[in-house]
Amino acid sequence: MSKDRLEIPDYNSLFSEHRFVEQRLNKQQFEAPCSEQETAEALAYSQSAEYMEKNFNRKAVVINPHKACQPLGSIMAALGFEKTLPFVHGSQGCNSYFRSHLSRHFKEPTPAVSSSMTEDAAVFGGMSNLIDGLENSIALYKPEMVAVCTTCMAEVIGDDLSSFIGNARNKGVISGDFPVAFCNTPSFVGSHISGYDAMMKGILSYLYERSGLEAAPGSGEETGEKLNVMLGFEPYTGNFAEISKILQAFDTKYTLLGDHSGNYDSPATGEYEYYYGGTRLADVPLAANALGTLSLQKYTLKKTQDYITGTWKQQVTALSTPLGITGTDKLLEAISGLTGLPLPASLLEERGRVVDALTDSHPYLHGKRVALVGDPDLLIGLIGFCLEVGMEPVHIVCSNGDVEFDNVKFKEEAEALLATSPYGSEAAVYVGNDLWHMRSLLLNDPVDLAIGSSHLKFAAKDASVPLIRVGFPIFDRHHMHRYPILGYQGALNLLSLIVNTVLDELDRNNSGFNYDLVR
Amino acid sequence: MDPVRKVDFDSEACGSQAPKSKPCPRPKPGEAAGGCSFDGAQITLLPIMDAAHLVHGPIACAGNSWESRGTLSSGPSLSQYGFATDLNDSDIIFGGEKKLKESIDYIAGRFAPPAIFVYSTCVTALIGEDMDAVCKEAGDRLGIPVVPVNSPGFVGSKNLGNRLAGDALLQYVIGTGDPEPEIPLGVNLIGEYNIAGEMWDIEKLMNSAGISVTSRITGDARYKEITWAHHAKVNMVVCSRALLGLAREMEAKYGIPFFEGSFYGAKETTYSLRQMAYLMNDREMERRVDRLTEREESRLAQDLRPYRKMLKGKKAVLYTGGVKSWSVISALKELGVQVVGVGTNKSTEDDVRRIADRVGDDTEYIPEGGASRILKTVRERKADIMIAGGRNMYVAMKEQIPFIDINQERHKAYAGYEGLLRLAKELTYSLANPVWRLAASPAPWDKGVPYDR
């Protein structure tokens, strides 16, 4: 606005002005009495190998965790279904964290309610909260299904969701046929991905059982249920469009089980609705008739996969997030294997174009040492991508490695994958560790690039490593989630993100004589 | 406006809904409600920047919340670390006290903080962890204060958590230290959290009038300065809903007079500065404040002129918490913006009274949340802009309503005279951005719809 009479800086520049700097220096008298030398020594020690060892021996405290809890994943799963209201049974603050967390990542509203349990509920149980909550939320938000998950509190006092929901029906608060799916998701077990799994399985089994249908694998081929596809805890709305594009290229019939891209990528039309898109509820029982199910996050969706093989008697092909050329090749083979359809020419052409792009950029990626942080399935995908372009994964940290979550298998798979390439020879996989561990790793054994969520930015800054934001949550960059990272197109997006960061760094750090125009 | 110091404590802090037996109203099941008491307690204490804040509970209470408040630090950053004991299911059965003790020891050994705040969560409260005993034992052994904050999520709302944090400060921190003799005594700022650096603007103003800040409770605070808060001459309660109780207790215990004030808008800022000088009982200071405020107000009036022209007659719906519900109204009125709807769900009775003093009869009160309720008001009252917090921001975007963020995630400081100028600029920018014209107009091939709504 050129008419501005005054320059009004925001805090990024305002508080760097002399008067504020002085004010802050004056404040140091209140701080713990530490000399500058002591501070510098402590900082240096925290960056030393000696401290790294101490840090890795730390048993009791978690510092800067890289995971959220089960109900957060449950909410995402619930929003993958048509007109479904996520309902968190427990004390209300959890729900408010979940809504903020998801909204900050997707830059979209998150409809979710809580049963707001308080001390009375702690003593007498949360039944009346759940019943009142169902009544109020259905009246207020008019969902077609409610998906209830629990918090720690409800779990510790042992609330029984199934009987409480039954009682709500008996009392006439909800009608007999109004669907209320549910699952148990204490956050002292698992993480956001196991919560996603629990709710996904909860919804599939609930809708299937109440339909009274009998699973007949393959019988749906003619009626449109040929293939089921699950993306899992998917922080990229762009990935839904990309997988649909790939499936359409195959010309196969398919059902996406859990599609929250509508809710997290809805248009600004001038009118906000609570629910956008999602898998149609009626499609869920029919999905039991499909030829098979393709799961794109095999660690995340473990229980759901077991359910589908067990109860629906379907063939399940489970992959980790299909990143890069090799990852996408596996995806195409899996689709072809499940449907019996040939590989579409359009995708093969696309593959060729992306391979071309990779060859164009490979000189800048070769030998780049990389640190990776993420959820298991994403990490497998990223490791694969790094190896195929000659980047060297060095430190791989997965906070999400609870014992109950088959960490051994993930670690084994990651290590086996790394062993397939000389570029993986320096890598170490840390399961159940946090970002404070990662900080020690970055400082003691430096890398060129870090790839992970926004939470990694603090450690990356301490170690002066550029951070490429991939995964969940990404709070401090806009629209990353709108670009797919899976499929060939996703490989191209990942490639551009990474190679252009490398080139930016070259320009930023160059000494002048090599400030090249052409790269 | 007189300093408020009457009626009973509970209804004062919680409004007319306060049930007899409980300090704050209960949340209603089945709504998309706000934060919990744990959240509230953490929010109040996290701005103590050099302290370590350890969450005793399962991972996610910290995992979902660490480093997500825009409360700025001028130095130490320990408060930004996410510390958690990460209880798992076997800890739930066998107890997590050992883990807590070891965590405290580790933090003390590695980070040498001046104090450690330990927060209970739903789980540790339910399984009956004796946090107070562990904290006391560790504090005695380590020689630093280890402060238990007993505010598990389920005890109630965020506001109750703010108060419980205030109780922890009173019980364990305030009164335990004395300032160096050369530190001038003045005003404690209570309930100012230095979001987007607002506290720095306020402090600069106070210093220009010769008023010194004794303790910041807690925006950009250092632990040590809070230990001597009881030496202050005046308490100013910046956010009344959160920590009014703390000010009351300090008045009773240490005889420190307090008042509730705000720094949103020139009038409120001037009032607050005057009130400080008046309660300090210092004629010379009062004269200095008068000179400062006159100078700043007239300079501001000059600077605001182009913005006032653009903002005059615009209508806003304000949906925010506590003190901002009324204080921002004053700021908006000074800019010529009419508030046609205002959220009251987190306001005290006095806040509501102050809202009523500042708005016309036709302003709609929005007592409880839910996006649709706010949107209904915006539509019915034909508001031009919505002023609210992050969780409602994206709803506004869907509805193509110009929006500014006034809560914890904002990156603009709106306090004081310069803050009002910044608010004017942000309002103008938000209203005038060409993207609204684009959003509201149909695609060129959709004929028959007028270009402007």
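# Notebook: a look through chains A and B

**Entry 1, strand E6 of chain A.** I started in the middle of a sheet, where E6(A) pairs with strand E8 (residues 292-295) of chain A in the parallel sense, over 4 bridges. This is a predicted model, so I read everything below as a prediction. Which residue of E8(A) stands opposite Val229(A)? I found Leu294(A) there.

I then looked for another partner of E6(A). Strand E7 (residues 254-256) of chain A also pairs with E6(A), again parallel, over 3 bridges. Here Val229(A) has Leu256(A) in E7(A) opposite. Following the chain from E6(A) to E7(A), I passed through helix H12 (residues 237-250) of chain A, and this β-α-β crossover is right-handed.

Next I checked the two faces of E6(A). In a regular strand, side chains alternate between the two faces of the sheet. Are the residues of E6(A), 227-230, buried or exposed? I noted Leu227(A) and Val229(A) on one side, Asn228(A) and Met230(A) on the other, and all of them are buried. Both faces of the strand are covered.

**Entry 2, a sheet with strands from both chains.** I moved on to an open sheet of 5 strands with mixed pairing. I wrote down its order as E1(A)-E2(B)-E1(B)-E3(B)-E4(B). Which strands stand at the edges? They are strand E1 (62-63) of chain A and strand E4 (146-149) of chain B. Each has a single partner strand, so one side of each is left without a neighbour in the sheet.

Further in, I looked at strand E1 (residues 52-55) and strand E3 (residues 116-119) of chain B, which pair in the parallel sense over 4 bridges. Leu54(B) stands opposite Val118(B) in E3(B).

**Entry 3, where the chains meet.** I looked up the contact itself: 101 residues from chain B and 89 residues from chain A take part. How much area is buried between chain B and chain A? I have about 8100 Å², with 60% of that given by carbon and sulfur atoms. On the chain B side, Asn64(B), Trp66(B) and Lys398(B) lose the most area to chain A, together 10% of what that side buries.

Arg110(B) caught my eye next. Arg110(B) lies over the face of Tyr51(A), at 4.5 Å from the ring centre. The charged end of Arg110(B) also sits over the ring of Phe111(B), 5.9 Å from its centre.

**Entry 4, aromatic rings.** I counted ring pairs and got 21 over all chains. One of them is Tyr299(A) with Phe410(A), edge-to-face, 5.8 Å centre to centre and with 85° between the planes. I asked where in the chain the two sit. Tyr299(A) is in the loop between E8 and helix H14 (302-310) of chain A, and Phe410(A) is in helix H18 (residues 407-419) of chain A, 111 residues apart. Both Tyr299(A) and Phe410(A) are buried.

Chain B has an edge-to-face pair too, Tyr81(B) with Phe111(B), at 5.6 Å centre to centre and 65° between the planes. Tyr81(B) is in the loop between helix H3 (59-63) and strand E2 (83-84) of chain B, while Phe111(B) is in helix H5 (residues 97-111) of chain B, 30 residues apart. I noted both Tyr81(B) and Phe111(B) as buried.

I also found a cluster: ring pairs link Tyr141(A), Tyr272(A), Tyr274(A), Tyr275(A) and Tyr276(A).

**Entry 5, backbone oddities.** Most residues other than glycine have a negative phi, and most peptide bonds are trans. I went looking for exceptions. In chain A, a cis peptide bond joins Phe472(A) and Pro473(A), with omega about -5°. Pro473(A) lies in the loop between strand E14 (467-469) and helix H21 (487-509) of chain A. His479(A) is found in the loop between E14 and H21 as well, and has a positive phi of about 70° although it is not a glycine.

In chain B, Ile217(B) and Thr218(B) are joined by a cis peptide bond, omega about 10°. Thr218(B) lies in strand E6 (residues 213-218) of chain B. Asp220(B), in the loop between E6 and helix H10 (223-227) of chain B, has a positive phi of about 55° and is not a glycine.

Why does His479(A) count as partly exposed? Its relative accessibility is 35%, and partly exposed falls between 20% and 50%. Asp220(B) counts as buried because its relative accessibility is 0%.

Technical notes:
Residues are numbered from 1 along each chain as its sequence is written. Chains are lettered from A and ligands numbered from 1 in the order in which they are written. This is a predicted model: local features need pLDDT of at least 70, side-chain atom pairs count only at pLDDT 80 or more; totals for chains, interfaces and linings use all residues. Side-chain values use heavy atoms; hydrogens and water are left out. Buried means under 20% relative accessible area, exposed over 50%, partly exposed in between (1.4 Å probe, protein chains only). Two strands pair if DSSP finds at least two bridges between them. A crossover is right-handed if, with the strands pointing away from the viewer, the path from the first strand over the helix to the second runs clockwise. Rings of Phe, Tyr and Trp (its six-membered ring) pair if their centres lie within 6.5 Å; planes under 30 degrees apart count as stacked, over 60 as edge-to-face and the rest as tilted. A charge sits over a ring if NZ of Lys or CZ of Arg is within 6 Å of the ring centre and within 35 degrees of the ring normal. Contact means heavy atoms within 4.5 Å. Buried area is the accessible area (1.4 Å probe) that two parts lose on being put together, summed over both.
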